[in-house]
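Trainee: Could you walk me through this one, starting with a single residue and working outwards?

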Amino acid sequence: MELVRILANAGHRPILVARGGRMESEIAEAGAEFIRLDVASKNPIRIFRNAFALARLIRVRHCDVIHAHGRAPAWSAYIASRLTRVPLLTSWYKGFREQNPLKRLYNGIMVLGYRVVASSDQLAELINDRYGTPWERIVVVPASVDVEKFDPAALSPDRIDVVRRAWGAAPDTKVILVLGRMLRRKGHHVMLLAAQRLKAMGLQNFICVFEDLGATRYAAELWDLVLAANIADVVRMAGQAEDRPAVYAAAAVAVSAATQPEGVQRAVLEAQAMACPVVVSDLGAGPEVVLAPPAIPEERMTGLRFSTGDDAALAASLIRLFSMPDQARRSIGARGRSWVMAQFTPALVAERTLRLYAEVVKQARRV
C-alpha cells in the first residue's frame, strides 16, 4: 500500500498483482489497478503459468519496472522479466531461514533482481554476507510512519483509558506490549520466559500484552508455557485493537523479541513515534532503527537491546527501564519520536523510492 501511494501520488500508474484480500478497495482508492492472480502459490506449474501471465500483462500495459515482494511471486516475476527484458526489483522485509540447500535455492531468487531493496542496513548486510550480492546492487529503503497519525500530542486520555480497560490494566499497572504476529520467529516464548523471571524477581504491577490470539500450534505451545510458568495472572492475549496510537500510548514499553532478522518492523517505528520506549533483540531491529547502547551514548538512546533468545537479558533490560526515573523514560520516548521524524517520514521514503525507480528505468533503457 505504501508503494502504491508513493507511485500514484507521483503520477505513475501502479498495477498490483496479488491473490487478493480485504485491502482491494483501498488499493483502488489509492490509485492502483488491481489484478487478481495467485502469485503466492509455491506450486511450480502455477509459478510458470503466472510468469507467462505476467509477461503478457507487462507487454500490454507497457510496464517499465517489475517489483516482487515475496519469494513465490519473485520466481514468476524473474521469468517474466527475462521474457520481456523489463528490469526486476525485489524487496526484502525480513531475513529468510535457510535450513537446507533447497530452501537456499528457493530464497536465492530474492537476490536476482536488477536491484535488491532491503528495508534496513541490517538486512542489507545479511544479503551481502549470505549471497555475496555487490553493494552497488543493494539499496536500503525503510518503511515509513505517518507521524501525524502517530502523534502523542494528538491523543486524548480517554482513548488511552479505553485500551487499558480492555486489557484489565489498573492505573498503576506497567504494560509490556509484545510486538508481532504469533509466529515462532517473533520470539513470544522469549518474552514469556522473561515474564516468569520478572515475577520471580518481585516486579509488581505489570502485565504482558500479546495482541495476536493465534490459532496455531505455536499459540498452543505458548499457552502451555504460560500455565507451566504460572504467569497467567500477568499475561493478556488481548487481540489487536484498532486504535493503534492509543495502544502504544497505553504501554510503558514495547518489546520485539524476534529470533530472526526482522529488518524494519513498522510497529517498532510506530511505538517510537508515539514516544514509547522500546526493547528489541539483536535481530528485532537494526542499530539504525533503534538507537541503543553500547552503539551510542545513553543520553541519545531511544531504547534498549538484548541478545537474541536470552530471556534473562530481556528481563534485565526491562528491570533497568522500569528502574529509571519517570523523566528519564520520558526523555527516551521523546528521542524516539524525534528519531522517527528525522529518518522515517513518508516524504523521505517516497523520495528514496522514486529516485530508485528513476535510476533503474534510466539504466535499463541504456542496455
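Trainee: Does Gln-272 count as buried or exposed?
Mentor: Go by relative accessible area: under 20% is buried, over 50% exposed, and in between partly exposed (1.4 Å probe, protein chains only). Gln-272 has a relative accessibility of 0%, so it counts as buried.

Trainee: Before we go on, what kind of model is this?
Mentor: Residues are numbered from 1 along each chain as its sequence is written, and side-chain values use heavy atoms, with hydrogens and water left out. Local features need pLDDT of at least 70 and side-chain atom pairs count only at pLDDT 80 or more, while totals for chains, interfaces and linings use all residues, since the model is predicted.

Trainee: Which helix holds Gln-272, and which residues does it touch?
Mentor: Helices (H or I, at least four residues) and strands (E, at least two) are DSSP runs numbered from the N terminus, and Gln-272 sits in helix H11, residues 266-273. Contact means heavy atoms within 4.5 Å. Leaving out residues up to four places away in sequence, Gln-272 touches Val-278, Val-289, Val-290, Thr-302, Gly-333, Gly-336, Arg-337 and Val-340.

Trainee: How far apart in space are Gln-272 and Gly-303?
Mentor: In sequence, 31 residues separate Gln-272 and Gly-303. In space, C-alpha to C-alpha, the distance is 8.7 Å.

Trainee: Zooming out, what is the radius of gyration of the chain?
Mentor: The chain has 14 helices and 12 strands. For 367 residues the globule rule (2.2 Å times the number of residues to the power 0.38) gives 21 Å. The chain is close to that, so it is as compact as a globular protein of that length, with a radius of gyration, taken over C-alpha atoms, of 22 Å.

Trainee: What percentage of the chain is made up of buried residues?
Mentor: Taken along the principal axes, the C-alpha atoms fill a box of roughly 65 × 40 × 40 Å. Among contacts between residues at least 6 apart in sequence, 67% join residues at least 24 apart. Of the 367 residues, the buried share is 49%.

Trainee: Which element gives the most to the largest nonpolar core?
Mentor: A nonpolar core is a set of buried Ala, Val, Leu, Ile, Met, Phe, Trp, Tyr and Cys residues joined through side-chain atoms within 4.5 Å. The largest has 38 residues, and Ile-176, Met-191, Phe-210, Val-255, Val-279, Leu-314 and Leu-318 touch the most other members. Elements giving two or more residues include strand E7 (174-178), helix H8 (188-200) and helix H12 (311-323). With 6 residues, the top contributor is H8.

Trainee: And how many residues are in the second core?
Mentor: That core is separate, and its members include Leu-155, Ala-246, Cys-276 and Val-340. Its count of residues is 34.

Trainee: Are H8 and H9 roughly parallel or roughly antiparallel?
Mentor: Axes are lines fitted to C-alpha atoms, for helices over the stretch in contact, and angles run from 0 to 180 degrees between N-to-C directions. Under 35 degrees is roughly parallel, over 145 roughly antiparallel, 65 to 115 roughly perpendicular and the rest oblique. The H8 and H9 axes come within 10 Å and cross at roughly 5°. H8 and H9 are therefore roughly parallel.

Trainee: What about H1 and H14: which residues of H14 make the contact?
Mentor: Helix H1 (residues 2-9) and helix H14 (residues 346-366) have axes 10 Å apart at an angle of about 70°. That makes H1 roughly perpendicular to H14. From H1 come Glu-2, Leu-3, Ile-6 and Leu-7, and from H14 come Val-349, Ala-350, Thr-353, Leu-354 and Tyr-357.

Trainee: Any backbone oddities? What is the phi of Arg-85?
Mentor: Most residues other than glycine have a negative phi, and most peptide bonds are trans. Arg-85 lies in the loop between helix H4 (71-84) and strand E4 (88-92), and with 69% relative accessibility it counts as exposed. Its phi is positive, near 60°.

Trainee: And which peptide bond is cis?
Mentor: Look in the loop between strand E11 (278-281) and E12, where Pro-294 is found. With omega near 5°, the cis bond runs from Pro-293 to Pro-294.
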